[in-house]
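Please walk me through the aromatic rings and the cysteines of this structure, with attention to the geometry behind each contact.

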Amino acid sequence: MKPVKPEDRRVANIHSAKFEPFVYPDGEALGDGILQLADDLPLGTGFHVYRMPPGMTTRPHRHNGHEQFLILEGELIENDGTVFKKGDLVWLRDGTEHCSHTPNGCLLAVHIAGPEFAVD
(Lines give C-alpha, C1' and ligand atoms only; values in the text may rest on other atoms or scores of the structure.)
Protein backbone atom coordinates (compact mmCIF):
# COMPACT_ATOMS: atom_id res chain seq x y z
CA MET A 1 0.00 0.00 0.00
CA LYS A 2 1.27 3.47 -0.92
CA PRO A 3 1.41 6.25 1.67
CA VAL A 4 -1.24 8.96 1.47
CA LYS A 5 0.02 12.01 -0.41
CA PRO A 6 -0.16 15.32 1.48
CA GLU A 7 -2.51 16.76 -1.17
CA ASP A 8 -4.89 13.82 -0.57
CA ARG A 9 -5.41 14.47 3.15
CA ARG A 10 -6.71 17.42 5.17
CA VAL A 11 -6.66 17.56 8.96
CA ALA A 12 -8.11 20.20 11.29
CA ASN A 13 -8.52 20.18 15.04
CA ILE A 14 -12.03 21.27 16.11
CA HIS A 15 -10.59 23.07 19.15
CA SER A 16 -7.97 25.15 17.34
CA ALA A 17 -8.97 25.41 13.66
CA LYS A 18 -10.55 28.54 12.22
CA PHE A 19 -14.29 28.19 11.60
CA GLU A 20 -15.73 29.96 8.56
CA PRO A 21 -18.69 32.23 9.26
CA PHE A 22 -21.96 30.81 7.96
CA VAL A 23 -23.61 33.39 5.73
CA TYR A 24 -27.16 32.85 4.52
CA PRO A 25 -27.91 33.34 0.80
CA ASP A 26 -29.42 36.76 1.58
CA GLY A 27 -26.11 37.85 3.17
CA GLU A 28 -27.21 37.63 6.83
CA ALA A 29 -24.73 36.15 9.33
CA LEU A 30 -25.81 35.18 12.86
CA GLY A 31 -22.41 34.41 14.39
CA ASP A 32 -22.39 30.67 13.77
CA GLY A 33 -19.43 28.99 12.11
CA ILE A 34 -18.53 25.92 10.10
CA LEU A 35 -15.39 23.82 9.88
CA GLN A 36 -15.56 21.84 6.63
CA LEU A 37 -12.62 20.17 4.94
CA ALA A 38 -14.30 19.23 1.65
CA ASP A 39 -14.13 22.24 -0.66
CA ASP A 40 -16.12 20.65 -3.50
CA LEU A 41 -19.47 21.18 -1.70
CA PRO A 42 -21.21 24.37 -0.61
CA LEU A 43 -20.29 25.44 2.94
CA GLY A 44 -22.61 23.67 5.38
CA THR A 45 -23.37 20.76 3.05
CA GLY A 46 -21.98 17.25 3.46
CA PHE A 47 -19.97 16.52 6.62
CA HIS A 48 -18.86 19.45 8.78
CA VAL A 49 -18.52 20.70 12.35
CA TYR A 50 -20.95 23.48 13.26
CA ARG A 51 -20.53 25.96 16.12
CA MET A 52 -23.37 28.09 17.49
CA PRO A 53 -22.61 30.93 19.92
CA PRO A 54 -24.56 31.34 23.17
CA GLY A 55 -28.10 32.65 22.68
CA MET A 56 -28.25 31.95 18.95
CA THR A 57 -31.39 30.69 17.20
CA THR A 58 -31.13 29.33 13.66
CA ARG A 59 -33.47 30.66 11.03
CA PRO A 60 -36.43 28.36 10.27
CA HIS A 61 -35.48 26.00 7.43
CA ARG A 62 -36.50 22.85 5.54
CA HIS A 63 -34.06 20.06 4.87
CA ASN A 64 -33.20 18.96 1.36
CA GLY A 65 -32.18 15.40 2.22
CA HIS A 66 -31.75 13.81 5.63
CA GLU A 67 -29.78 15.62 8.34
CA GLN A 68 -27.79 13.85 11.04
CA PHE A 69 -25.87 15.49 13.85
CA LEU A 70 -24.01 14.58 17.04
CA ILE A 71 -23.90 17.05 19.92
CA LEU A 72 -20.20 17.31 20.85
CA GLU A 73 -20.53 20.14 23.38
CA GLY A 74 -23.40 22.13 24.86
CA GLU A 75 -27.14 21.85 24.42
CA LEU A 76 -29.54 22.46 21.53
CA ILE A 77 -33.27 23.10 21.92
CA GLU A 78 -35.64 22.55 19.00
CA ASN A 79 -38.61 24.84 18.27
CA ASP A 80 -40.95 22.09 19.60
CA GLY A 81 -39.12 22.06 22.97
CA THR A 82 -37.05 18.90 22.42
CA VAL A 83 -33.68 19.24 24.16
CA PHE A 84 -30.55 17.58 22.78
CA LYS A 85 -27.47 17.26 25.01
CA LYS A 86 -23.83 16.24 24.63
CA GLY A 87 -23.65 12.75 23.17
CA ASP A 88 -27.09 12.80 21.49
CA LEU A 89 -27.07 11.55 17.90
CA VAL A 90 -30.02 12.98 15.96
CA TRP A 91 -31.54 12.11 12.55
CA LEU A 92 -34.07 14.36 10.79
CA ARG A 93 -35.99 13.17 7.73
CA ASP A 94 -35.71 14.87 4.34
CA GLY A 95 -38.27 17.68 4.23
CA THR A 96 -38.25 18.30 8.01
CA GLU A 97 -38.86 21.94 8.96
CA HIS A 98 -37.43 23.31 12.20
CA CYS A 99 -35.21 25.84 13.93
CA SER A 100 -32.94 25.42 16.93
CA HIS A 101 -31.74 27.52 19.87
CA THR A 102 -28.72 27.18 22.15
CA PRO A 103 -28.70 29.03 25.47
CA ASN A 104 -24.98 28.50 26.22
CA GLY A 105 -23.53 27.66 22.80
CA CYS A 106 -22.95 24.26 21.23
CA LEU A 107 -20.70 22.31 18.89
CA LEU A 108 -22.11 19.69 16.54
CA ALA A 109 -20.71 17.17 14.04
CA VAL A 110 -23.19 17.38 11.14
CA HIS A 111 -23.99 15.66 7.87
CA ILE A 112 -26.51 17.38 5.60
CA ALA A 113 -27.21 15.85 2.18
CA GLY A 114 -28.14 19.06 0.38
CA PRO A 115 -28.59 22.79 0.91
CA GLU A 116 -31.40 23.86 3.25
CA PHE A 117 -34.33 26.03 2.21
CA ALA A 118 -35.63 28.99 4.22
CA VAL A 119 -39.13 28.65 5.69
CA ASP A 120 -41.25 31.77 6.21
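The paragraphs below turn to the aromatic rings, then to the charges over rings, and finally to the cysteines.

This is a predicted model, and it holds two aromatic pairs. In one of them, the rings of Phe 22 and Tyr 24 have centres 5.0 Å apart and planes at 85°, and because planes over 60 degrees apart count as edge-to-face, the pair is edge-to-face. Both Phe 22 and Tyr 24 are buried. Phe 69 and Phe 84 also form an edge-to-face pair, with 5.7 Å from centre to centre and 80° between the planes. Since Phe 69 belongs to strand β5 (residues 67–78) and Phe 84 to strand β6 (residues 83–85), this pair ties together parts that are 15 residues apart in sequence. Both of these residues, Phe 69 and Phe 84, are buried.

Two arginines place their charge over a ring. The charged end of Arg 59 sits over the ring of Tyr 24, at 4.2 Å from the ring centre, and Tyr 24 is the residue that pairs with Phe 22. Arg 51, in turn, has its charged end over the ring of Phe 19, 3.9 Å from the centre of that ring.

As for the cysteines, a search of the whole structure finds zero disulfides. The sulfur of Cys 99 has its closest cysteine sulfur in Cys 106, at 13 Å, which is too far for a bond, because a disulfide requires the two sulfur atoms to lie within 2.5 Å. Cys 99 is buried, with a relative accessible area of 17%, and Cys 106 likewise counts as buried, at 5% relative accessibility.

How values were computed
Residues are numbered from 1 along each chain as its sequence is written. This is a predicted model: local features need pLDDT of at least 70, side-chain atom pairs count only at pLDDT 80 or more; totals for chains, interfaces and linings use all residues. Side-chain values use heavy atoms; hydrogens and water are left out. Rings of Phe, Tyr and Trp (its six-membered ring) pair if their centres lie within 6.5 Å; planes under 30 degrees apart count as stacked, over 60 as edge-to-face and the rest as tilted. Buried means under 20% relative accessible area, exposed over 50%, partly exposed in between (1.4 Å probe, protein chains only). Helices (H or I, at least four residues) and strands (E, at least two) are DSSP runs, numbered from the N terminus. A charge sits over a ring if NZ of Lys or CZ of Arg is within 6 Å of the ring centre and within 35 degrees of the ring normal.
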